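User: I am a first-year student learning to read protein structures, and I would like to work through one with you step by step. Please explain the reasoning behind each answer as we go.

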Amino acid sequence: MTGQHRPAAGTIVVGAGLAGLACALDLSRAGRRVELLEASDGVGGRMRTDRRDGFLLDRGFQVFNTAYPQVKQRVELRALRLRPFTPGVVAHTPRGVVRLADPTRCPRAVSGLLPGRALSARDLTALAALTTRDLLAPAALLKRRPDRSTAEALTRAGLSSRAVEEVLRPFLSGVFLEDELETSARFFHLVWRSMARGTLCLPAEGIGAVPRQLADGLPEGTLRLDTPVAALTDTGVLLEDGGERPAATVVVATDAATAVRLLPGLPLPGHRAVTTYYHATGTPPLPEPTLVTDSDSAVLNTCVLSEVIPTCAPRGTSLVQTSVLPSDRPDGEAAVRERLGALYGVDTADWDLIATYRVEAALPAMRAPWPLSRTTRFAEGRYVCGDHRATGSVQGALASGGRAAREVLADSAGR
């Protein structure tokens with residue numbers, strides 16, 4: 001809810017992404033006066049959804065995991081009208097196309113798990129053991145493990161280089177937005193655990209429905225949109241329009257680059273970028289809500305999004321999303337379209353390009369060793385939160401925002 005005038009806040013939260021929303025909600029529920037300032041015209045940060053010419057377009061392809069603890073705690077899942085993906089992938093490997101899925105959820109995919117189809121008997125055993133350990137182990141135990149790269153963790157788990165290169169790397173590259181698997185193994189195990197426990201899906205109104213639901217829980221007058229912050233002052237914040245907003249405490253819950261600008265001296269983490277293409281076609285090239293991976297790494301993943309959310313495209317039209325690692329090649333979209341023709345086995349020449357989203361800082365670069373959580377305290381009365389302060393996930397952003405609220409309240413009580 002957007003308010004025009006309200007008394008000076010005890011705390012200003014800068015940025016209405018997931019971290020800022022979680023922080024503002026927790027502080028408000030604790031009885032603290034909060035003002036949430038957002039530079040853009042809507043909440044969600046990178047989790048925004050656009051409506052364009054009858055299409056529903058997330059600003060970069062994302063999936064929503066129902067197993068994250070913060071999601072279970074904060075989100076009313078039923079209200080999102082979640083639409084699930086198939087619990088598995090169609091993997092294009094040098095040995096052919098193979099369907100890989102959890103046989104307990106998708107019995108028809110059992111044939112893809114037969115030894116020799118994509119994974120050897122030894123690899124199937126190793127992958128089953130890894131999944132079982134992550135599924136059953138307490139999250140606290142996974143967090144305490146020595147950290148290393150995901151690539152090293154998969155090798156230590158007994159998986160062959162063929163299994164990693166042909167099957168696991170193509171899938172995980174789409175999760176981590178990097179193809180070297182240098183991402184923290186501790187983070188990998190937590191993500192793998194959540195995938196085994198939960199459902200990968202999307203809200204019927206797009207990923208932007210998640211932050212909008214959180215924002216609806218804010219007290220009247222808390223949220224101010226179209227209110228960019230130019231700088232922090234000794235007494236609050238300076239707005240870009242020259243106005244000032246006083247507050248004893250300021251929490252910066254923006255993207256990492258903006259946080260560094262507002263809090264000079266804050267370390268700037270590396271980041272991962274991604275480009276997502278949306279194409280429209282008359283006939284679905286794959287008539288099911290299944291993610292497709294590519295061992296050639298020409299694309300990270302692709303799917304017929306209108307098979308997941310039928311209302312994301314006009315009637316009689318199919319919407320195909322494809323995510324790739326960014327490239328400055330002038331023929332980038334043409335090369336992607338050509339590869340999609342091979343992956344789906346169809347002629348893509350008449351597909352219409354609906355939109356292209358390039359997200360420069362889609363995820364923090366979580367190279368091992370990566371701290372899964374860190375304090376939000378920056379200086380007296382100044383705090384910083386976001387997925388770049390935890391893990392690059394919905395879970396990480398929400399948890400960091402919650403931690404900021406706890407530390408603000410604890411410090412206020414100690415004064």
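User: How many salt bridges does the count come to?

Analyst: Please keep in mind that this is a predicted model. A pair is counted when a side-chain nitrogen of Lys or Arg comes within 4 Å of a carboxyl oxygen of Asp or Glu. By this rule the count comes to 25 salt bridges.

User: R81 and E205 meet in a salt bridge, so how many residues apart in sequence are the parts that this pair ties together?

Analyst: The side chains of R81 and E205 meet with an N to O distance of 3.1 Å. R81 sits in the loop between α3 (77-80) and β6 (82-84), while E205 sits in the loop between β9 (200-203) and α9 (209-216), so the parts that the pair ties together are separated in sequence by 124 residues.

User: Is E205 buried or partly exposed?

Analyst: Buried means under 20% relative accessible area and exposed means over 50%, with partly exposed in between. The relative accessible area of E205 is 29%, and that of its partner R81, which is also described as partly exposed, is 41%. E205 is therefore partly exposed.

User: Which residue forms a salt bridge with E407, and where do the two lie?

Analyst: The closest N and O atoms of this pair are 3.0 Å apart. Both residues belong to helix α13 (residues 394-414), where being four residues apart separates them by about one helical turn. E407 is buried, with a relative accessible area of 7%, whereas R403 is partly exposed at 24%. The partner of E407 in helix α13 is R403.

User: Which residues are linked with R403 and E407 in a network of salt bridges?

Analyst: The pair of E407 and R403 is a salt bridge in its own right, and these two residues also belong to a network of salt bridges. The residues linked with them in that network are R377 and D411.

User: How much space lies in the second largest pocket?

Analyst: Rolling a probe the size of a water molecule over the atoms shows where empty space is left. The second largest pocket is lined by 25 residues, and Y68, P69, K143, L190 and Q395 are those that lie nearest its centre. The space in this pocket is about 510 Å³.

User: Which helices each supply at least two residues of the lining of the second largest pocket?

Analyst: By class, the lining of this pocket holds ten nonpolar, nine polar and six charged residues. The helices that each supply at least two residues of this lining are α2 (69-74), α5 (139-144), α8 (185-197) and α13.

User: Which strands stand at the edges of the open sheet of six strands?

Analyst: Strands of a sheet pair through backbone hydrogen bonds, either parallel or antiparallel. In this open sheet the six strands follow the order β10-β2-β1-β14-β21-β20, with mixed pairing. Each edge strand has a single partner strand, so one side of each is left without a neighbour in the sheet, and these edge strands are β10 (223-224) and β20 (377-379).

User: Within β14, what is the bridge partner of I12?

Analyst: Strand β1 (residues 11-14) and strand β14 (residues 249-252) pair in the parallel sense, and four bridges join them. The bridge partner of I12 in β14 is V250.

User: How many of the residues of strand β18 are buried?

Analyst: In a regular strand the side chains alternate between the two faces of the sheet. Both faces of β18 are covered, since S318, V320, T322 and V324 on one side and L319, Q321 and S323 on the other are all buried. For strand β18 (residues 318-324), the buried residues are therefore seven of seven.

User: Over how many bridges do β15 and β18 pair?

Analyst: In β18, the bridge partner of Y278 is Q321. Strand β17 (residues 301-304) also runs antiparallel to β18, joined to it by four bridges, and there N301 stands opposite S323. Strand β15 (residues 271-281) and β18 pair in the antiparallel sense, and the number of bridges between them is seven.

User: What radius of gyration does the protein have?

Analyst: The protein contains 13 helices and 21 strands, and its C-alpha trace spans about 65 × 50 × 40 Å along the principal axes. With 415 residues, a compact globule would have a radius of gyration near 22 Å, which agrees with the value for the protein, 22 Å.

How values were computed
Residues are numbered from 1 along each chain as its sequence is written. This is a predicted model: local features need pLDDT of at least 70, side-chain atom pairs count only at pLDDT 80 or more; totals for chains, interfaces and linings use all residues. Side-chain values use heavy atoms; hydrogens and water are left out. Buried means under 20% relative accessible area, exposed over 50%, partly exposed in between (1.4 Å probe, protein chains only). On a 1 Å grid over the protein atoms alone, a cavity is a set of points where a 1.4 Å probe fits but cannot get out, and a pocket is an open set with protein on both sides within 12 Å along at least five of seven lines; lining residues have an atom within 4 Å of a point. Grid points are joined across faces, edges and corners, and a volume is the space filled by probe spheres set on the points. Ala, Val, Leu, Ile, Met, Phe, Trp, Tyr, Cys and Pro count as nonpolar, Asp, Glu, Lys and Arg as charged, and the others, Gly among them, as polar. Two strands pair if DSSP finds at least two bridges between them. The radius of gyration is taken over C-alpha atoms; the globule rule is 2.2 Å times the number of residues to the power 0.38.
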